[in-house]
Amino acid sequence: MNSRASYPISSQVLDAAWRRPWGAAGPAENSRRVKGPTIAASDALIIVDPQNDFLPGGTLAVAEGNRIFTPINALSPRFPRVYVTRDWHPPTHAYFQEHGGPWPYHCLQDTPGAEFSPLLDCSHVDVTISKGMDPATDGYSGFAGTDLAERLRADGMRRLFICGLATDYCVKATALEGIAQRFKVCVIVDAIAAVNLAPGDEKAALEAMRRGGARLIVSTHLR
Ligand code: VGL
Ligand code: ZN
């Protein structure tokens, strides 16, 4: 597969993602000597669903969700354009358990659970994209039913650096759809976190993104 050939470091980053070397103190593996991509004028940072309901205390909490904010807040001032998506559901959405779907109520429009986490520094966000409004589709991808692709193209963006929540749903769907939309896609593994309904979900999602052509990177490798 040429994704592997073009990105020789990717398998090391995948290993690092299982071992989770990033902690408060910062890991030896995150040495600046490792060369990651250099941020360019056509690079977009896409922050997926950094919302209260996906964080500890929320209705669909990702256990390790809060760890994404240190790397995200450090990166956002360095990108030429920053896009944030938000899950923005009507209560009638078919995938809520109340209507026979898989999920508890979360990110209902105009509720505190749908607000961005106070841990997110929003001062460098250029564009907010709302998704998941159509009650008939899952709306996991930031591209689903939105004008994200058009906005990115109009802004001259060609490569997407994806972070946020959750690895196994909206991050994965957004990364794979970004590739399908002909963008280059990098996923920042220390700036995402998984729901892990089943224990292997996170690993499977990372592998699916890599197989699909996404480059997995660590935030501190970016130059
Ligand atoms: C998400 C489940 C339901 C996500 C959104 O942001 O990953 N997951 N809605
Ligand atoms: Zn949702």
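**Figure 1. Right after helix α6 comes G213, a residue with a positive phi near 110°.** This is a predicted model in which local features need pLDDT of at least 70 and side-chain atom pairs count only at pLDDT 80 or more, while totals for chains, interfaces and linings use all residues. Residues are numbered from 1 along each chain as its sequence is written, and chains are lettered from A and ligands numbered from 1 in the order in which they are written. Helices (DSSP runs of H or I, at least four residues) and strands (DSSP runs of E, at least two) are numbered from the N terminus. Helix α6 spans residues 201-211, and its buried residues are E202, A205, L206, M209 and R210. Viewed down the helix axis, they fall within an arc of 130°, so they line one face of α6. The arc is taken over the directions from the helix axis to the C-beta atoms. As for burial, a residue is buried with 20 or more other C-beta atoms within 10 Å of its own, exposed with 12 or fewer, and partly exposed in between, with C-beta atoms placed from the backbone.

**Figure 2. Six parallel strands make up an open sheet, in the order β3-β2-β1-β4-β5-β6.** At the edges sit β3 (127-131) and β6 (215-217), each pairing on one side only. On average, neighbouring strands of the sheet are turned by 25° against each other, ignoring direction. Two strands pair if DSSP finds at least two bridges between them. Strand β5 (residues 184-193) and β6 run parallel and share three bridges; C186 has R215 as its bridge partner in β6. Zooming out, the protein has six helices and six strands, and from the N terminus on its elements go α-α-β-α-β-β-α-β-α-β-α-β. Of its 223 residues, 41% count as buried.

**Figure 3. Strand β1 is largely enclosed by the rest of the structure, because six of its six residues are buried.** D43, L45 and I47 point one way from the strand, A44, I46 and V48 point the other way, and all are buried. Towards β2, there are five bridges in the parallel sense; among the partners in β2, L45 has V82 and I46 has Y83. Towards β4, six bridges are made, again with the strands running parallel, and I46 has I162 as its bridge partner there. Strand β2 (residues 81-87) is mostly covered too, with six of its seven residues buried.

**Figure 4. Helix α5 packs on the sheet, with G178 as one of its residues.** The helix (residues 167-180) touches β1 (43-48), β4 (159-165) and β5, and its direction makes about 165° with that of β5. Such angles run from 0 to 180 degrees between N-to-C directions, with axes as lines fitted to C-alpha atoms (for helices, over the stretch in contact). G178 is buried, with 28 other C-beta atoms within 10 Å. Leaving out residues up to four places away in sequence, G178 touches L160, F183 and V185. Contact here means C-beta atoms, placed from the backbone, within 7 Å. G178 and R158 are 20 residues apart along the chain, and their C-alpha atoms are separated by 10.0 Å.

**Figure 5. Nine residues could be labelled around ligand 1: D49, F54, D87, W103, Y140, L165, A166, Y169 and C170.** A residue counts as near the ligand if its C-beta atom, placed from the backbone, lies within 6 Å of it. By class, this shell holds seven nonpolar, no polar and two charged residues. For these classes, Ala, Val, Leu, Ile, Met, Phe, Trp, Tyr, Cys and Pro are nonpolar, Asp, Glu, Lys and Arg are charged, and the others, Gly among them, are polar. Within the shell, a cis peptide bond joins L165 and A166, with omega about -15°; A166 lies in the loop between β4 and α5.

**Figure 6. D49 and R182 are two non-glycine residues with a positive phi.** Most residues other than glycine have a negative phi, and most peptide bonds are trans. Phi is about 50° for D49, which lies in the loop between β1 and α3 (69-75), and near 75° for R182, which lies in the loop between α5 and β5. D49 counts as buried, with 28 C-beta neighbours inside 10 Å, whereas R182 is exposed, with 9 other C-beta atoms within 10 Å.

Conventions. Contact = placed C-beta atoms within 7 Å.
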